[in-house]
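Here is a short report on charged side chains and their surroundings. Keep the sequence and the structure in view as you read.

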Amino acid sequence: MTDLSIIIPIYNTPIRDLRRCFTSIAAPADALWEVLLIDDGSKEQVSQFCMAYAQSHPGFRYFQKENGGVSSARNLGIAQAQGRYVTFVDADDCFISSAMDTQLMQQDYDLVLFDTEILQSRKKSLWKALELPAGAVTRQDVLRRYLTSHSLNGPVAKLFRTRLLQETQLRFDEGFVTAEDWLFGCCFAARAERICYVSTASYVYYRNGGNSLARLRKAPDTMVDNLIGVYKQKLRIIKAEFTDAADAEALKTQAAVSITETLFNCTADLYLLKLHTPDHKTKIRQVCDHAKRQLSAAPRKTRIKSWVLLHFPIAIYPIALLRRLYLKWK
């Protein structure tokens, strides 16, 4: 059986980045890997490069589909995967093949977590998956990290056991335009019994800035619903996995702080884009009203934002406008 299926969704990625990504993947002599190139409706030049690369490199398999988004591309990869484990690589990043230990893949872990190297403006830093010693870790350790940190958000730098994916039929939610990575990883971790943390980087992430404003402009209704959906999923996980009352309350407070801050920023962007609707206002107010019950121990700044969202959201517009002008001037 193949040890590892490496799934790479591709949509009009520059060829220089594709070449850098593909050449970073080299299976150890004692390993059987496959690399699945999922072309999500790219331009002809990109498609031809990927097809030719797969034809001339053993272990690479090329699949072409109509454009449907990164989640649909990853889901096709999962359906085609033949490896014991699945991992994901974004086409403009790099895989650190030397971090993979074939013996580790024989130990029947459901989920294996690695660190990530961050490269931004030629400055390198390390993003630790967990603040724990390497070795076996508990599901609660991992879920707590998902609930309180961004270090596990993406599906990269992880090995997902293919058999568990098949048994649970867990897939990326193609209806999400944001946080779909978090949702997939967190839901998988909630089903995992045996988890291992390897305190070694297996991935290089080239950080080039976010595109959340572009996604909000394209699908504002879906974006708002997705952000609210993540908050509700956090509360479900806390209820199901954390039985200690004090621990659960602390996690609920962090979830309430996170959604309040997120919706405040989202509202500001909606106003700036002239996309804020009465429906958005109603949905955001309902969630903020629910979250405010957990904010008594939250920072004062967050409590003020909560009050503004509930009682005077239009005040966010001049604040956002002044901030944008300041950043442009700076």
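## A buried glutamate

Glu34 has a relative accessibility of 4%, so this residue counts as buried, because buried means under 20% relative accessible area. Remember that the model is predicted. Glu34 belongs to strand E2, which covers residues 33-40.

What does the side chain of Glu34 lie 2.7 Å from? The partner is a backbone atom: a polar atom of the Glu34 side chain lies 2.7 Å from the backbone nitrogen of Gln82. Glu34 also has many contacts beyond its neighbours within four places in sequence. Among them are Thr2, Leu4, Ser5 and Ile6. Gly59 and Arg61 are in contact with Glu34 too. So are Gln80, Ala81, Gln82 and Gly83.

## Salt bridges in helices

How many salt bridges does the model contain? The count is 21. Three of these pairs are described below.

Start with Asp17 and Arg20. Their side chains form a salt bridge, with an N to O distance of 3.6 Å. Both residues sit in helix H1 (residues 15-23), three residues apart, so about one helical turn separates them. Is Asp17 buried or exposed? Its relative accessibility is 14%, so Asp17 counts as buried. Arg20 has a relative accessible area of 27%, so Arg20 is partly exposed.

Now take Glu167 and Arg163. The closest N and O atoms of this salt bridge are 3.8 Å apart. Glu167 and Arg163 are four residues apart in helix H5 (residues 162-168), so they too are separated by about one helical turn. Glu167 counts as exposed, because its relative accessibility is 57%. Arg163 counts as partly exposed, at 47% relative accessibility. Back in the other helix, salt bridges with shared partners join Arg16, Asp17 and Arg20 into one network.

## One more pair

Which residue forms a salt bridge with Lys124? The partner is Glu117. The closest N and O atoms of this pair are 3.7 Å apart.

Look at how open each side is. Glu117 has a relative accessible area of 21%, so Glu117 is partly exposed. The cut-off matters here, because buried requires a value under 20%. Lys124 has a relative accessible area of 60%, so Lys124 is exposed. That label follows because exposed means over 50%.

How values were computed:
Residues numbered from 1 in each chain as written. Predicted model: local features only at pLDDT ≥ 70, side-chain atom pairs only at ≥ 80, totals over all residues. Heavy atoms only, no water. Helix = DSSP H or I, 4+ residues; strand = E, 2+ residues; numbered from the N terminus. Buried < 20%, exposed > 50% of the residue type's maximum accessible area, 1.4 Å probe, protein only. Polar contact = N/O pair within 3.5 Å; in protein donor to acceptor, adjacent residues only side chain to side chain. Contact = heavy atoms within 4.5 Å. Salt bridge = Lys/Arg side-chain N within 4 Å of Asp/Glu carboxyl O.
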